[in-house]
Amino acid sequence: MSTARRAEAVPVLPDRFTRWFASRGWSPRTHQLELLAHASAGRDALLIAPTGAGKTLAGFLPTLVELAEAPRGESAGIHTLYVSPLKALAVDIARNLERPVSEMGLDVRVEGRTGDTPASRRQRQKRQPPDILLTTPEQMALLIGDPGAGRLFETVKRVVVDELHALSPTKRGDQLALALARVRAMAPSLTTVGLSATVKTPDELRRWLVDPRRGQDLADLVEVHGGAAPDIAIHETDERLPWAGHSAAHAAPAVYEAIKRHRTTLVFCNTRAFAEIAFQELWRINEDNLPIALHHGSLDVNQRRKVEAAMGEGRLRAVVCTSTLDLGIDWGDVDLVVQMGSPKGSSRLLQRTGRANHRLDEPSKALLVPANRFEVIECEAAREAALAGEQDAEAAKPGSLDVLAQHVLGVACGAPFDEDALYGEVVSAAPYAELDRKTFAEVVRFVATGGYALRGYERFAKIRQTKDGLWRVSNPMIAQSWRLNVGTIVEATMLKVRFARSKGPVGRMAGGRVVGQVEEYFVETMTPGDTFMFGGEVLRYVALVENEVFVTRAASETPKVAVYAGGKMPLTTGIAARVREAIADPLRWSALPRQVREWLGFQQERSEIPRPDQLLVETFPRGGRHFLIAYPFEGRLAHQTLGMLLTRRLERARAQPLGFVATDYALAVWGLGDMGEMIADGRLSLDDLFDQDMLGDDLEAWMAESALMKRTFRNCAIIAGLIERRFPGKEKTSRQVTMSTDLVYDVLRRHEPDHLLLRAARADASRGLIDLERVAEFLARAKAHIVHRPLERISPLAVPILLDVGREQVYGEAQDALLREAAETLVEEAMGPIGQTPRTEAAPVPTPLLRTTDRRNLKPKSPLTRSLRSRPSPGGER
Amino acid sequence: MSLSALPAEDQIEPTLRVAGVALTVDVAGALYEPRSGALIVADLHLEKGSSFARRGQFLPPYDTATTLGRLARLVETYRPKAVIALGDSFHDGGGPSRLGEADRAALAALQRGRDWIWIAGNHDPEPPARCGGAALSEMTLGPLTLRHEPQAGARPGELAGHLHPVARLALRGRGVRRRCFATDGARIVLPAFGAYAGGLNVRDQAFGGLFAADAFMAWMLGETGVYAIPGFGLRPD
């Protein structure tokens with residue numbers, strides 16, 4: 001069942017451990033003993049095991065055995081650091097460790113240290129460190145920058161990193177890797193233990209855990225292969241399957257029945273909006289008054305903790321949740337996982353399925369509920385992939401430079417550093433192994449003075465090289481402000497949602513209970529009076545008071561603003577490939593429900609079913625516009641990027657594109673030009689349109705201007721310390737930050753396009769937000785495999801995509817077009833005929849009629865007297 | 001009254017009137033008064049980058065060059081007889097002394113052959129040293145009064161800065177937030193011209209009481225054009 005790469009003698013477990021296992025009716029698992037053997041031999045080790053394998057105990061066993069065998073007495077310093085991505089996990093582990101420690105009578109002190117730990121206790125922890133400290137990557141970074149770090153860390157023998165698979169591909173992972181390298185320098189005999197769920201490429205995690213300078217290239221691997229195969233069912237319906245939409249709300253009755261048949265069910269939804277919808281639908285039919293709760297990232301923290309506690313006590317029958325419950329505390333009672341909508345990836349499905357059942361030898365049970373016809377195929381593909389144990393590849397990314405900048409300043413805050421020595425330490429961390437010396441020097445210079453070609457900030461330097469060659473912090477204020485800005489998570493600007501207590505003028509409104517938070521952009525699109533669903537109820541937006549959204553309960557059951565999005569994962573490469581294959585092969589359609597089979601059959605008849613290696617492009621007229629639909633099946637993010645680039649090219653080809661929408665499967669572009677005809681008569685070449693060269697200048701030009709780059713830049717600027725998150729004493733509102741970083745971005749891009757921070761932002765954007773790699777792979781694949789089908793009307797396959805128009809955001813960068821439209825419609829509204837608006841007579845339009853101008857047409861000589869100051873009389877001509 | 005219906009030759013620069021005086025609105029965020037030949041800008045906030053650098057936030061040191069560059073393009077276009085900066089021309093009192101040599105030369109070149117007036121602002125109450133031009137606390141231009149901070153109850157014809165107006169509107173689920181001129185025909189507040197000058201929404205209470213609500217318009221600055229949006233169409237942040 002498990003494998004060890006090195007056949008070291010398994011040490012005999014000390015008697016009191018054997019007795020303790022026996023007293024609980026357990027016997028030590030093979031992998032627990034193997035991990036103990038590797039760790040006792042002074043090796044770095046990685047344990048890969050599914051949920052329920054006793055991973056955490058395995059991780060701590062070497063430490064507990066060492067502490068039991070060789071008691072260290074009072075204040076011997078930290079022996080083991082445990083780092084988890086979740087605060088809650090650190091707290092939960094402390095509780096779980098209490099039991100073996102007290103039952104075996106071990107003299108071991110275990111303490112947690114997170115952002116919630118009171119300052120007094122944190123101070124005491126520095127003076128009298130516990131034997132085992134449970135903490136988070138952010139706290140590790142903070143401790144690194146403490147002048148007492150050397151003393152605190154010199155005793156550390158082991159670092160246990162939990163949920164390594166979730167941490168390593170992120171900026172928090174970069175931060176932790178750097179902190180670990182620093183701790184290694186202070187604690188010469190330190191070894192690591194990594195705990196991870198099953199991953200596609202364990203070697204990346206094995207490399208992450210070691211310092212190659214210490215003679216181990218990869219951590220020893222102990223792998224527990226999955227127990228029983230999961231039992232994954234796909235919900236089938238005789239009723240009409242939705243053509244589009246992603247909430248799967250139509251299946252609420254079936255989900256409710258499933259909840260009734262099980263002890264405890266986790267209902268996973270892909271976005272917060274869908275979680276809200278599913279929660280409301282379930283309660284609408286909850287005739288038995290089952291305790292069903294809601295859990296997502298926007299709800300108030302206390303609210304979430306309450307749900308978690310109730311879950312821990314087994315008081316709930318179901319929790320409707322989002323990815324907030326992907327990781328975390330194991331709840332033994334969960335015996336069913338429902339996935340509303342497609343899981344979008346095999347790893348996610350396996351991870352979520354694993355949340356049901358915590359015994360290795362029993363199958364975990366999951367029910368997938370496809371939200372629309374495409375998702376039926378997708379769920380089928382995800383099930384196949386999961387049963388085959390296929391994991392989605394998480395592309396290894398080089399360490400982020402903004403995180404490195406934060407780290408370098410942190411190191412200086414802790415103690416003066418030698419640049420060469422620190423470089424050697426940094427490249428010993430896996431994410432930074434490829435970092436060249438020159439770039440590192442740039443990072444140091446950026447930390448010192450901003451790293452600009454135009455010098456001038458030398459006299460304000462944050463760190464300076466002194467005569468002994470060491471870099472030192474210029475003054476204590478810098479360390480103080482660094483501490484306030486530590487961390488790599490830059491939250492989207494969130495506004496608190498609060499009940500308004502009294503009605504009346506906005507200024508005198510008193511605030512009531514906080515319901516949770518919403519992203520600022522969501523509020524931006526609402527008008528007072530709009531209703532939306534939040535926390536399971538329909539709320540009315542009353543006003544924005546300072547930084548809080550005031551709401552009241554709305555009487556209506558149907559909110560006006562349909563969705564509050566928040567987090568959407570694109571279809572993974574693996575599932576996408578399976579979907580392409582499933583669609584291409586009519587022999588396999590028999591496994592699909594009748595409605596889906598018929599739909600694909602119609603597509604075959606009316607248009608075409610593309611082969612897996614083909615790119616199908618359809619063109620057809622509809623509603624006075626011309627549509628071009630391409631079906632790359634590469635996920636939303638890649639399609640959005642493609643859409644931005646294609647519309648630029650279509651514009652140049654004079655196809656007059658007006659907008660596009662991207663889904664996980666396809667993208668639809670519409671415009672005024674007849675693209676079908678243009679392709680037919682050779683004015684437009686599909687090969688040229690989809691040529692790989694679009695990743696050159698077009699991409700550059702688009703990225704430079706895009707709001708997405710500005711947002712990414714803002715995150716990098718904050719992490720790197722260019723912009724402060726907070727000032728001592730006052731919290732800067734992120735709205736102000738947003739404004740100034742956009743301006744800074746514009747100026748920097750013009751004057752120093754190759755600046756470190758712009759490079760960091762570009763790297764982030766191309767990896768995450770625009771999925772550049774997939775776009776590139778797709779373009780290479782599509783080359784010479786494009787099939788064009790000019791159609792008279794919309795094809796069956798295109799129906800779901802066009803139904804998404806209006807639901808999904810429509811893209812286009814032209815803010816001016818929006819401004820023009822607003823100016824026109826609002827002015828028309830303002831000057832509309834009597835009876836439609838009461839303003840017409842009372843309000844003289846003060847300024848000349850709306851005028852727009854184009855800079856290129858600006859001729860100062862032209863007579864200003866022609867400024868068209870007429871105004872239609874009320875009810876007059878339009 | 002659709003714009004697209006207008007013939008192309010009507011594409012001339014937009015003009016607005018304040019207390020009866022016609023002012024040309026430039027998309028860069030400046031006003032031009034053709035009769036006197038005065039180009040008016042507000043809140044340049046020169047040397048804001050270096051001001052932040054003193055506190056350890058190393059904003060790119062190119063803001064002054066960027067702002068002066070924009071100003072140079074306007075000067076090129078309008079060839080104004082006078083340039084009037086409505087206060088907060090420097091981000092802080094030490095700004096003039098931190099001005100780099102190249103920027104100082106660029107400023108001098110702009111001033112050559114024309115009047116240059118620094119109106120005092122709250123960030124720069126003292127006349128900027130070694131920066132040329134004349135310094136005034138406020139001034140008049142025909143029926144217009146030019147000052148930094150708009151004054152409640154001022155007589156019609158006030159041109160001011162200080163507030164950094166931006167306007168926001170939401171359309172089709174997208175928000176657009178742009179710098180703007182805020183006016184009701186009696187008074188106008190100019191957008192901040194400086195490269196690093198942020199903005200304050202015209203629906204903020206700081207604008208309260210300055211404008212006749214019914215007549216309020218925000219002239220929003222797009223990339224290529226200026227768009228007059230009636231106040232009722234605007235959103236708070």
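What follows is a walk through the strand and helix packing in chains A and B of a predicted model.

Chain A comes first. Its 878 residues are 48% buried, and the chain carries 33 helices along with 28 strands. Contacts reach a long way along the sequence here: of those between residues at least 6 apart, 75% link residues at least 24 apart.

One piece of chain A to look at is an open sheet of 6 strands, which pair in parallel and line up as β9-β14-β13-β10-β12-β11. The edges belong to β9 (231-234) and β11 (292-295) of chain A; each has a single partner strand, so one side of each goes without a neighbour in the sheet. On average, and ignoring direction, neighbouring strands in this sheet are turned by 20° against each other.

Inside that order, β10 of chain A (residues 264-269) runs parallel to β13 of chain A (residues 334-340), and 6 bridges hold the pair together on paper. Phe268(A) has Gln339(A) of β13(A) as its bridge partner, while Val267(A) sits opposite Val338(A) in β13(A). Two helices of chain A pack on this sheet. Helix α12 (residues 272-284) touches β10, β11, β12 (318-321) and β13 of chain A, and its direction makes about 150° with that of β12(A). Helix α14 (residues 346-353) touches β9, β10, β13 and β14 (365-369) of chain A, again with an angle of about 150°, this time to β13(A).

Back to β10(A), which also pairs with β12(A), in the parallel sense and over 4 bridges. There, Thr265(A) has Ala318(A) in β12(A) as its bridge partner. How many of the residues of β10(A) are buried? The count is 6 of the 6, so the strand is largely enclosed by the rest of the structure. Both of its faces are covered, with Thr264(A), Leu266(A) and Phe268(A) buried on one side and Thr265(A), Val267(A) and Cys269(A) buried on the other.

Elsewhere in chain A, there is a helix pair worth a look. The axes of α23 (residues 636-652) and α30 (residues 772-782) of chain A come within 8 Å and cross at roughly 70°. With 65 to 115 degrees counting as roughly perpendicular, α23(A) and α30(A) therefore fall into that class. At the contact, Ala638(A), Thr641(A) and Leu642(A) of α23(A) meet Leu772(A), Arg774(A), Val775(A) and Phe778(A) of α30(A). Sorted by class, that makes 5 nonpolar, 1 polar and 1 charged residues.

Helix α23(A) itself is mostly covered, with 13 of its 17 residues buried. From first C-alpha to last, α23(A) reaches 24 Å, close to the 24 Å expected at 1.5 Å a residue. Just after α23(A) ends, Arg654(A) takes a positive phi of about 65°.

Chain B has an open sheet too, this one built from 7 strands in the order β1-β2-β3-β4-β5-β6-β7, with mixed pairing. Its edge strands, β1 (15-18) and β7 (134-136) of chain B, each pair on one side only. The average turn between neighbouring strands of this sheet is 30°, direction ignored. Within it, β2 (residues 21-26) and β3 (residues 30-33) of chain B pair antiparallel over 3 bridges, and Thr24(B) stands opposite Tyr32(B) in β3(B). Helix α2 (residues 63-78) of chain B lies across β2, β3, β4 (38-41) and β5 (82-85) of that chain, running at about 155° to β4(B).

Key
Residues numbered from 1 in each chain as written. Chains lettered and ligands numbered in written order. Predicted model: local features only at pLDDT ≥ 70, side-chain atom pairs only at ≥ 80, totals over all residues. Buried ≥ 20, exposed ≤ 12 C-beta atoms within 10 Å, placed from the backbone. Contact = placed C-beta atoms within 7 Å. Pairing = 2+ DSSP bridges. Axes fitted to C-alpha atoms, helices over the stretch in contact; angles between N-to-C directions. Parallel < 35°, antiparallel > 145°, perpendicular 65-115°, else oblique. Nonpolar A, V, L, I, M, F, W, Y, C, P; charged D, E, K, R; others polar. Expected span 1.5 Å × (residues − 1).
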